[in-house]
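I opened this notebook to record what I looked up in the structure, going from accessibility to aromatic rings and then to helix packing.

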Amino acid sequence: MKDFFNAIQDLFVDFLFAPFDALRALELENWWSANLISWMFIIICIVAMVYWMLQLKEHSKNNEEDKSVTSHSYL
C-alpha cells in the first residue's frame, strides 16, 4: 500500500506539478513573464464582462425581459 501512495506522490511531484516548478523558476528571472497567463485570464474575464453588460443593456433597451412578479407566490 505504501508503494501505491508513493506512486501517487511521484505522479504529482514529477509530472503534474512540473509546469508550476517552471513558473516558479521563471519568476526569479522575470516577474512579468511568470504572470503572463494570469494577465491573459484577467483580460479574457474583462472582455467577457463587457460583452455581457452590453448584451444586458441591449435586451433591457428592447424591453425583452419579463419583469412580472409572478415568479414567487409570496411576492
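Before looking at single residues I fixed the cut-offs: buried is under 20% relative accessible area, exposed is over 50%, and partly exposed lies in between. I also note that the model is predicted.

**Accessibility of the tryptophans**

I looked up Trp39 and found a relative accessible area of 36%, so Trp39 is partly exposed. Trp31, at 40% relative accessibility, likewise counts as partly exposed, whereas Trp32, at 57%, counts as exposed. For the protein as a whole, I noted that 3% of the 75 residues count as buried. The exposed area of the protein comes to about 7400 Å², and carbon and sulfur atoms supply 68% of it.

**Aromatic rings**

I then turned to the rings, keeping in mind that a pair of aromatic rings is described by the distance of the centres and the angle of the planes. The structure holds five aromatic pairs. One of them joins Trp31 and Trp32, whose ring centres are 4.9 Å apart and whose planes stand at 85°, an edge-to-face arrangement. How are the rings of Trp32 and Trp39 arranged, stacked or edge-to-face? Their planes are at 25° and their centres 6.0 Å apart, and because planes under 30 degrees apart count as stacked, I entered the pair of Trp32 and Trp39 as stacked. Trp32 thus appears in my entries both in the edge-to-face pair with Trp31 and in the stacked pair with Trp39. Elsewhere in my list, Phe12, Phe17 and Phe20 form one aromatic cluster.

**Helices and their packing**

For the secondary structure I wrote down four helices and zero strands, with the elements running α-α-α-α from the N terminus on. Two packed helices are described by the angle between their axes and the distance between the axes, and I looked up both values for one pair. Helix H1, residues 2-16, packs against helix H2, residues 18-29, at an angle of about 45°, and their axes are 5 Å apart. H1 and H2 are therefore oblique to each other.

Which residues of H1 and H2 meet? On the H1 side I listed Val13, Asp14, Phe15 and Leu16, and on the H2 side Ala18, Pro19, Phe20 and Asp21. The residues of this contact divide into six nonpolar, no polar and two charged. Phe20, which I had already entered in the aromatic cluster with Phe12 and Phe17, is thus listed on the H2 side of the contact as well.

Conventions:
Residues are numbered from 1 along each chain as its sequence is written. This is a predicted model: local features need pLDDT of at least 70, side-chain atom pairs count only at pLDDT 80 or more; totals for chains, interfaces and linings use all residues. Side-chain values use heavy atoms; hydrogens and water are left out. Axes are lines fitted to C-alpha atoms, for helices over the stretch in contact, and angles run from 0 to 180 degrees between N-to-C directions. Helices (H or I, at least four residues) and strands (E, at least two) are DSSP runs, numbered from the N terminus. Angles under 35 degrees count as roughly parallel, over 145 as roughly antiparallel, 65 to 115 as roughly perpendicular and the rest as oblique. Contact means heavy atoms within 4.5 Å. Ala, Val, Leu, Ile, Met, Phe, Trp, Tyr, Cys and Pro count as nonpolar, Asp, Glu, Lys and Arg as charged, and the others, Gly among them, as polar. Buried means under 20% relative accessible area, exposed over 50%, partly exposed in between (1.4 Å probe, protein chains only). Accessible areas come from the Shrake-Rupley method with a 1.4 Å probe; for residues, only the protein chains shown count as cover. Rings of Phe, Tyr and Trp (its six-membered ring) pair if their centres lie within 6.5 Å; planes under 30 degrees apart count as stacked, over 60 as edge-to-face and the rest as tilted.
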